[in-house]
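Reader: I have a chain open on my screen and would like to go through it. Can we start with the basics?

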Amino acid sequence: MPVLPKASRLSHPRRRDMLAYIGVSIAGLAYASPLRAQTFQALIQARMGDGQRFDPAVVVDIARQLAKKPYVPPPNDLPDVFSSLNYEQYIAIKSLQPPIWAQDGRGIAVEPLHRGFVFTNTVDIFLVEDGAVRRIGYDPSRFDFGRINVPAGITDIGYSGFRLISTSGNGQPFDFAIIQGATFFRALARGQNFGAIARALTLKPADPKGEEFPLFRAFWLERPAVGSNSITAHGIIDSESTSAAIRMTFRPGDMTIVDVETTLFPRVNLDHVGLAGMGSTYFYGPNNRRNTDDIRPGVYKSSGLQMLNGKGEWLWRPLQNPETLQISAFVDENPRGFGLLQRDRSFDAFQDDEARFERRPSLWIEPLSDWKQGSVQLLEIPTAAEINDNILTYWRPKAQMAAGSEVPFAYRQYWCWTPPERPPLATVTGTRVGQGSTGKRRKFAVEFSGEALGENLPQDLKSVLTVGPGSFQNLKVWPYPERKAIRVVFELDPGNENACEMRLILEAGGKPISETWLYRWTP
């Protein structure tokens, strides 16, 4: 069995990564008085608290009961000594005890995460061992607080979330998931750095009245069976508009797989819900440099949005850092998959010795049921700093979710180097944009790569480009059979338009031999 390193050697997200995914208004969450918030803990204890038998159906029923009552925010009960911490002080807090189950040979260990910094919300954590529920109580003696002067008499303040650690195999243990902050969680495959952030539930993003941030309130973690290399977490989500029950099964490895099953219980009619949401960063790159003076050729955790729609068409949309907020909707019915991918796996694409963006995970979503009509939504948010997560994508159902209803949905996440399902076609391996020949014209070079683009190119191969509004000129196709690639170069003339949608595909014999490249140009 591998030796688990000391807690001080376990990884924390880098400061810029942490600020990116927690800086989206968590500080603006409402809080209740401790007295009012006791009703939540009382409900948990009465139904499935410390010492009771675990039943996953009861977790769902707790969420159902919560939805029948007015929303009560969590208490604002964190002592000032912790709520006032900065990032460096917070990550200096170290556990003095080995992670839970680390020495049991079960392959997966759990480390509760301290409250503090921006992680002020309490998440009750229960362990399920041999069918019995056991709450993890807070004990300050299990932590080294570094230079923080913690007063005596700190009560049970609970935790802000938890970290999952893989201890199986002969390799070094590695952190493979962190569940902390709102309903955010992140995972990675062996050998990767943390990157994209998943959202268990997204409510009203980009709404003029403000986004609503639901919260994880409690988790029951089932002790892994020996040799199973998987762990299941059952959780409660609560928010002003809805409550929910969630079940997540994590399987870490060279590709970390997470099965997510959620049931929503709306308190009000919901018309803007994001399912299977994820966020990432695109600061600048070959298609969108924003006049950045930097030695690095690119700064982005994800290079594009991949979609496999219900009709079986593979779509690729490179990401951008626009001048103004851009919202795109890719209408579909029963999508087969989508996700934010990092296709650039070379150090030369970034040349960042610290961030190593080429090691960030791709996150691919595979629905496990029919999602009916809706759209993949993509939000690209202007940012002047790389610490900001400025990309958000999710599935938005077309149908409204009625108050008092129960809405289940399920999907599988693949946190990976390359998704398990890939286009059986040439794929886009590069998008470059620069100054055109005159005026407002912009020059584009889109590169496709694949086996079909080698020495035996089809004689009738052609590129099919559509632009609307606007027009294109000077289209040329440059084959590079020695590296199984084709570059399509053209100029976009936007005229007086402020946005132009483009669509490009390679065809032969009247059939596509590449995925479809999509792009929105804006000034």
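Author: What follows covers the model, its fold, its burial and its charges. This is a predicted model, in which local features need pLDDT of at least 70 and side-chain atom pairs count only at pLDDT 80 or more, while totals for chains, interfaces and linings use all residues. Residues are numbered from 1 along each chain as its sequence is written, and side-chain values use heavy atoms, with hydrogens and water left out.

Reader: OK, how many helices and strands are there?
Author: The chain has 5 helices and 33 strands, counted as DSSP runs (H or I of at least four residues for helices, E of at least two for strands).

Reader: And what is the radius of gyration?
Author: The value is 24 Å, close to the 24 Å from the globule rule for 523 residues, so the chain is as compact as a globular protein of that length. The radius is taken over C-alpha atoms, and the rule is 2.2 Å times the number of residues to the power 0.38.

Reader: How much of the chain is buried?
Author: Buried residues are 57% of the 523, where buried means under 20% relative accessible area with a 1.4 Å probe, protein chains only.

Reader: Is Cys-500 buried or exposed?
Author: Cys-500 is buried, at 0% relative accessible area. Cys-416 is buried too, at 1%.

Reader: Switching topic, how many disulfides are there?
Author: The search of the whole structure finds 0, a disulfide being a pair of cysteine sulfur atoms within 2.5 Å.

Notes. Buried means under 20% relative accessible area, exposed over 50%, partly exposed in between (1.4 Å probe, protein chains only).
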